[in-house]
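Here is a short walk through one protein chain. Keep the sequence and the 3D view side by side as you read.

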Amino acid sequence: MIHESDQAANEVMAAELAQGGRFEFELGQATRTLMGFFDVIGMTPVVSSYEKVD
């Protein structure tokens with residue numbers, strides 16, 4: 001998943017996600033609606049925000 005920010009912020013997010021656990025991701029309505037289509041065409045959706053929930 002891609003978060004629109006700079007490379008340093010992306011690296012921090014990747015390190016946090018690599019630790020594992022449960023996360024909640026915020027996606028726009030159109031993104032949620034088109035998730036199956038994105039899978040078919042190999043497109044990665046943009047994540048608006050996320051937070052660790054455990």
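Start on the surface. Leu-34, Phe-37, Val-40, Ile-41 and Met-43 form a nonpolar patch there. Together these five residues have about 500 Å² of accessible area. Keep in mind that this is a predicted model.

Two members of the patch are worth a look. Ile-41 sits in helix α3, which covers residues 35-41. Its relative accessible area is 47%, so Ile-41 is partly exposed, as the class runs from 20% to 50%. Phe-37 belongs to the patch as well. Phe-37 has a relative accessible area of 48%, so this residue also counts as partly exposed. Patch residues need over 30% relative accessible area.

Now step back to the whole chain. The protein chain has three helices and two strands. Along the sequence they come in the order α-β-α-α-β. The C-alpha trace spans about 30 × 25 × 15 Å along its principal axes. There are 54 residues in the protein chain, and 15% of them count as buried. The chain exposes about 4100 Å². Carbon and sulfur atoms supply 55% of that area. What share of the contacts between residues at least 6 apart in sequence joins residues at least 24 apart? The share is 63%.

Next, the rings. A pair of aromatic rings is described by the distance of the centres and the angle of the planes. How many aromatic pairs does the structure hold? There are four. One of them joins Phe-23 and Phe-25. Their ring centres are 6.4 Å apart, and their planes meet at 40°. Stacked pairs need planes under 30 degrees apart and edge-to-face pairs over 60, so the Phe-23 and Phe-25 pair is tilted. The two residues differ in cover. Phe-23 has 16% relative accessibility and therefore counts as buried, the cut-off being under 20%. Phe-25, at 37%, counts as partly exposed.

Another pair takes us back to the patch. The rings of Phe-37 and Phe-38 have centres 6.5 Å apart. Their planes stand at 50°, so this pair is tilted too. Is Phe-38 buried or exposed? Phe-38 has 10% relative accessibility, so it counts as buried. Its ring partner Phe-37 is partly exposed.

Phe-23 and Phe-25 do not stand alone. Ring pairs link them with Tyr-50 into a cluster. Glu-16 reaches two of these residues. Leaving out residues up to four places away in sequence, Glu-16 touches Phe-23, Tyr-50 and Lys-52. Glu-16 lies in helix α1, residues 7-18. With a relative accessible area of 28%, Glu-16 is partly exposed.

Finish with Thr-31. Where does Thr-31 lie? Its place is helix α2, residues 29-33. Thr-31 has a relative accessible area of 16%, so this residue is buried. Beyond its neighbours within four places in sequence, Thr-31 is in contact with Phe-38, Pro-45 and Val-46. Phe-38 was the buried half of the ring pair with Phe-37.

Pro-45 also lets you set a distance across the model. From Glu-16 to Pro-45 is 29 residues in sequence. In space, their C-alpha atoms are 19 Å apart.

Technical notes. Residues numbered from 1 in each chain as written. Predicted model: local features only at pLDDT ≥ 70, side-chain atom pairs only at ≥ 80, totals over all residues. Heavy atoms only, no water. Helix = DSSP H or I, 4+ residues; strand = E, 2+ residues; numbered from the N terminus. Buried < 20%, exposed > 50% of the residue type's maximum accessible area, 1.4 Å probe, protein only. Contact = heavy atoms within 4.5 Å. Areas by Shrake-Rupley, 256 points an atom, 1.4 Å probe, with all protein chains shown as cover. Phe/Tyr/Trp six-rings, centres within 6.5 Å; stacked < 30°, edge-to-face > 60°. Patch = residues over 30% accessible without salt bridge, like charges linked within 9 Å, V, L, I, M, F, W, Y side chains within 5 Å. Salt bridge = Lys/Arg side-chain N within 4 Å of Asp/Glu carboxyl O.
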